[in-house]
Amino acid sequence: MPADFSEYINLTVHDKDAGTLYREMIEVARAVMPDFNLRRGTLEDALFQSSAFLAATATNSINRVPNGIMQGIVSLMGY
């Protein structure tokens, strides 16, 4: 039985950089707490920046999993 890779063709990876995630995190925080005011150089800012960096790294890595799995399967099949 031949393998069906049709659903893996033309996948779009939706990567986001840390800066975009940082701004989106601030928007969400302001939506939940309207009086939220993030000041540069504070502990909260450092937590937001580090969380955005780690989330971007994890998201970009997770987006590569289907491609990596398919490459592994295809190499096992000898293509």
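**Core**

I started with the largest nonpolar core of this predicted model. I count 9 residues in it: Leu21, Tyr22, Ile26, Ala29, Phe36, Leu38, Phe48, Ala52 and Ala56. Which elements give two or more residues to this core? I find H1 and H2. H1 has the largest share, with 4 residues.

I then looked up Phe36, one of the core residues. Setting aside residues up to four places away in sequence, I see Phe36 touching Ala29, Arg30 and Phe48.

**Whole chain**

Stepping back, I get 3 helices and 0 strands for the protein chain. Read from the N terminus, the order is α-α-α. Of the 79 residues in the chain, 15% are buried. I also checked contacts between residues at least 6 apart in sequence: 62% of these join residues at least 24 apart.

**Helix H1**

Next I took H1, at residues 18-32. Its 15 residues should span 21 Å at 1.5 Å a residue, and I find the end C-alpha atoms 21 Å apart, so the two agree. Which residues of H1 are buried? I note Leu21, Tyr22, Ile26 and Ala29. Down the axis of H1, these buried residues fall within an arc of 140°, so I put them on one face of the helix. On the other side of H1, I have Glu27, Val28 and Ala31 as exposed. H2 is included in what covers the buried residues of H1.

**Helix H2**

I ran the same checks on H2, which covers residues 43-63. With 21 residues at 1.5 Å each, H2 should span 30 Å; the end C-alpha atoms are 30 Å apart, which agrees. For the buried residues of H2, I list Asp45, Phe48, Ala52 and Ala56. They cover an arc of only 65° around the axis, so they sit on the same side of H2. I see them packing against helix H1. Leu43, Phe53, Leu54 and Ile62 are exposed on the other side of H2.

I also looked at Ser50, which lies in H2. I call Ser50 partly exposed because its relative accessible area is 34%. Its C-alpha atom is 9.0 Å from that of Tyr22, although the two residues are 28 apart along the chain.

**Charges**

I went through the charged side chains last. Side chains of opposite charge can pair when their charged atoms come close. How many salt bridges does the structure hold? I find 1. Lys16 pairs with Glu24 in a salt bridge, with 3.1 Å between the closest N and O atoms. Lys16 has 34% relative accessibility, so I log this residue as partly exposed. Glu24 comes to 30% relative accessibility and therefore also counts as partly exposed.

Then I went back to Asp45 in helix H2. Asp45 is buried but has no salt bridge. Which side chain of opposite charge is nearest to Asp45? I get Arg40, at 4.5 Å. The salt-bridge cut-off is 4 Å, so this pair does not qualify. Leaving out neighbours within four places in sequence, I have Asp45 in contact with Tyr22, Leu38, Arg39 and Arg40. Two of those contacts take me back to the start of this entry, since Tyr22 and Leu38 belong to the largest nonpolar core.

Note on methods. Residues are numbered from 1 along each chain as its sequence is written. This is a predicted model: local features need pLDDT of at least 70, side-chain atom pairs count only at pLDDT 80 or more; totals for chains, interfaces and linings use all residues. Side-chain values use heavy atoms; hydrogens and water are left out. The expected span of a helix is 1.5 Å times one less than its number of residues. Buried means under 20% relative accessible area, exposed over 50%, partly exposed in between (1.4 Å probe, protein chains only). The arc is that of the directions from the helix axis to the C-beta atoms. Contact means heavy atoms within 4.5 Å. Lys and Arg count as positive and Asp and Glu as negative; His and the chain ends are not counted. A nonpolar core is a set of buried Ala, Val, Leu, Ile, Met, Phe, Trp, Tyr and Cys residues joined through side-chain atoms within 4.5 Å.
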